[in-house]
Amino acid sequence: MSLYQVQKLIYQLNRDPRTRERYAAERDAVLAEYELSAEETGALTKPDIGLLYVLGVNGQLLMHFAALHKIEWTDYLDRMRHGLQEHGQVREGVYAATGYEGVEAHDARLKRDRENR
């Protein structure tokens with residue numbers, strides 16, 4: 001996995017108009033300039049916000065990348081939640097969920113906690 005490379009590309013897309021233009025015109029060529037796995041390339045191309053979140057992309061970078069793709073805020077949040085359900089816990093980076101029991105188990109624990117109050 002090359003989280004650094006994914007985040008470096010997204011950072012460039014977020015800040016540099018020329019990179020955005022090139023990405024729109026020749027996406028494959030731009031992606032080839034970064035050391036990305038097939039999974040990362042697919043997530044960037046789709047774009048699969050949920051998978052990118054699970055791969056560990058920083059939320060500050062990711063929200064601007066989502067906006068670049070005209071993804072509204074509430075949809076962005078839903079896609080991250082769906083990513084957790086579909087792909088499991090965040091694997092790497094600052095959001096890595098070490099010891100996290102998963103979405104369903106977490107929801108069940110919160111429900112039990114509310115019922116026991």
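Helices, in the naming used here, are DSSP runs of at least four residues, numbered from the N terminus, and in this predicted model the loop between α4 and α5 holds D48. D48 is buried but forms no salt bridge, the nearest side chain of opposite charge being that of K46, 4.4 Å away; a salt bridge would require a side-chain nitrogen of Lys or Arg within 4 Å of a carboxyl oxygen. What the side chain of D48 does reach is the backbone nitrogen of L51, at 3.0 Å. Not counting residues up to four places away in sequence, D48 touches A43 and H87.

The two helices that flank this loop, α4 and α5, are among the elements that give two or more residues to the largest nonpolar core, together with α1, α3, α6 and α7. That core has 26 residues, of which L9, L44, I49, L52, V57, L62 and F65 touch the most other members. In soluble globular proteins, nonpolar side chains tend to be buried together. L44 illustrates how such contacts join separate parts of the chain: leaving aside its neighbours within four places in sequence, L44 is in contact with V6, L9, I10, Y23, L31, L36, L52 and F65.

Y23, one of these partners of L44, leads to helix α2, residues 17-25, whose buried residues are T19, R22 and Y23. Seen down the axis of α2, these buried residues fall within an arc of 100 degrees, and they therefore line one face of the helix. They pack against α1, α3, α4 and α6, whereas E21, A24 and A25, on the other side of α2, are exposed.

Notes
Residues numbered from 1 in each chain as written. Predicted model: local features only at pLDDT ≥ 70, side-chain atom pairs only at ≥ 80, totals over all residues. Heavy atoms only, no water. Core = buried A, V, L, I, M, F, W, Y, C linked by side-chain atoms within 4.5 Å. Buried < 20%, exposed > 50% of the residue type's maximum accessible area, 1.4 Å probe, protein only. Contact = heavy atoms within 4.5 Å. Arc of directions from axis to C-beta. Lys, Arg positive; Asp, Glu negative; His and termini not counted. Polar contact = N/O pair within 3.5 Å; in protein donor to acceptor, adjacent residues only side chain to side chain.
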